[in-house]
Amino acid sequence: MFPQSLCALWGKLPQDIMKIEAITLREIQMPLVHFFETSFGRTYSRRILLVTVHSEGVDGWGESVVGEDPFYSSEWIESAWPTLTQYLIPALLGQRLESGRDCPAHFAKVRAHRMAKAALENAIWDAEATQNQIPLWKLLGGSRTEIPCGVSIGIQDSVEQLLEKIQTELAAGYRRIKIKVKPRWDINVLERIRSRWADITLTCDANSAYTLDQVEHLRKFDQFNLLMIEQPLWNDDIYYHARLQKELRTAVCLDESIVSARSAAFAAETGACRIVNIKVGRVGGFSEALKVHDLCQTHKIPVWCGGMLETGIGRAHNIALSTLQNFSLPGDVSASKRYWKEDIIEPEVEVSPQGMIAISNAPGTGYRVRPDMIEKITVRKETLKA
Ligand code: OSB
Ligand code: MG
């Protein structure tokens, strides 16, 4: 415990300062209920990194959104593990932190590796909320009491299977359908969807499957009254998306390209998109995600929360973030059971027949982590102590 007198001097209560005593990194493995296919490949089972921060009797949890392969991003599970154990975790051990907002300064020497940083920073926010007995969403500055949900449906073996999946999700109440597209799984598929459902809120995500010389082809997307087209061009591009947006009636939404508040500013100033997908892992943690949110709000760009096939831990963090004011569009934040036979939190994330997730007023995320279940599916684990 920190000396009371010193804390008083700084105007901080002792419980407001977290001493980082130990941090556990682990890999768990969980099969998906249904494979997920994007323009870069198909995933049947997830390998997931979880971080646990141990601080004065409280555990804070974080999940890294790194993939099994360096396809969505150059980061992947085998880059995140050593980056965390050799650099990021040592930078925090023994430190006394006031808030998750302190993390970026401690991590500043390490370039990029945002998904590794986010897992750790978010675990600190999680610990802080629990330690102070306040909801994480309040700590982040949120205000929504419920959040609207959409679904992201991967590429299927046939259009019939996709239509069946859309039917199921609409019946479950989801308020926005997003499909994955790529050349030869796009116009034909959108035509079939629109001829069956003329009015549903529909979007598509290309995960960088097109190039600017396909602008004539991309213009055909305009006929489908899509809410947006997500990341049509290169993963690291903003400038050519600005050129493309000028050619399209459909709003461009950027996902992969927005890695920081600075890249969001660049996109806003160049007109590269009209909507932004915020993934807290992609931008390096809650602190930066809040900056992206605020920057977009200033530029009148609505945002929504993206998903990365998270377990309940990352999902709970996405839900908390989605309570901020400018998250005005339905996110890819859907129910646990769409992904997992059994989730690692309780209660599981549930979506109402109206397509909403109710926000809990309980301290922390409002969802309890299930350590016994996690232990059973852990395939490697390392604890580093101060
Ligand atoms: O681009 O949004 C994406 C999943 C893995 C990698 C990238 C993306 C996605 C999704 C899934 O679209 C969203 C979800 O978690 O349901
Ligand atoms: Mg995307």
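**Ligand, metal and sheets, set against their definitions**

User: A polar side-chain atom of S152 lies 2.9 Å from an oxygen atom of ligand 1; what makes such a pair a polar contact?

Analyst: The model is predicted, with local features requiring pLDDT of at least 70, side-chain atom pairs pLDDT 80 or more, and totals for chains, interfaces and linings using all residues, while side-chain values rest on heavy atoms without hydrogens or water. Residues are numbered from 1 along each chain as its sequence is written, and chains are lettered from A and ligands numbered from 1 in written order. The term asks for two N or O atoms within 3.5 Å (within protein, one must be able to donate a hydrogen and the other to accept it, and residues adjacent in sequence count only through side-chain atoms on both sides), so the 2.9 Å of S152 qualifies. D205 reaches an oxygen atom of ligand 1 at 3.0 Å, and N207 does so at 2.8 Å, each through a polar side-chain atom. Taken alone, ligand 1 exposes 390 Å², of which the protein buries 96% (Shrake-Rupley areas, 1.4 Å probe).

User: Which residues are closest to ligand 1, and how does its shell divide?

Analyst: Counting residues with a heavy atom within 4 Å, 15 surround ligand 1, and S152, N207, K279, L309 and Y339 are the closest. Five of the shell residues are nonpolar, three polar and seven charged, where charged means Asp, Glu, Lys and Arg, nonpolar means Ala, Val, Leu, Ile, Met, Phe, Trp, Tyr, Cys and Pro, and the others, Gly among them, count as polar.

User: How do you know which residues coordinate the magnesium ion (ligand 2)?

Analyst: Donors are N, O and S atoms within 2.8 Å of the metal (3.2 Å for Na, K and Ca), and D205 (OD), E230 (OE) and D255 (OD) lie at 2.1 to 2.2 Å, so these residues meet the criterion, although the site may look incomplete without water. Along the chain the donors follow the spacing D-x24-E-x24-D. D205 in strand β9 (residues 202-205) and D255 in the loop between β11 and α10 (261-270) are 50 residues apart, and the pair links distant parts of the chain.

User: Why are β7 and β13 said to stand at the edges of their sheet?

Analyst: Strands are DSSP E runs of at least two residues, and helices H or I runs of at least four, numbered from the N terminus; two strands pair if DSSP finds at least two bridges between them. Seven strands form an open, parallel sheet in the order β7-β8-β9-β10-β11-β12-β13. β7 (151-153) and β13 (303-305) each have a single partner strand, so one side of each is left without a neighbour in the sheet. The twist averages 25° from one strand to the next, using axes fitted to C-alpha atoms and angles of 0 to 180 degrees between N-to-C directions.

User: What makes β11 and β12 count as a pair?

Analyst: Two bridges join the parallel strands β11 (residues 252-254) and β12 (residues 275-278), so the pair meets the minimum of two. Within β12, I275 is the bridge partner of C253.

User: Which strands are at the edges of the antiparallel sheet?

Analyst: In this open sheet, ordered β4-β3-β2-β17, the edge strands are β4 (58-64) and β17 (378-385), each pairing on one side only. Strands β2 (residues 22-38) and β3 (residues 41-55) pair over 13 bridges, and Q29 stands opposite R47 in β3.
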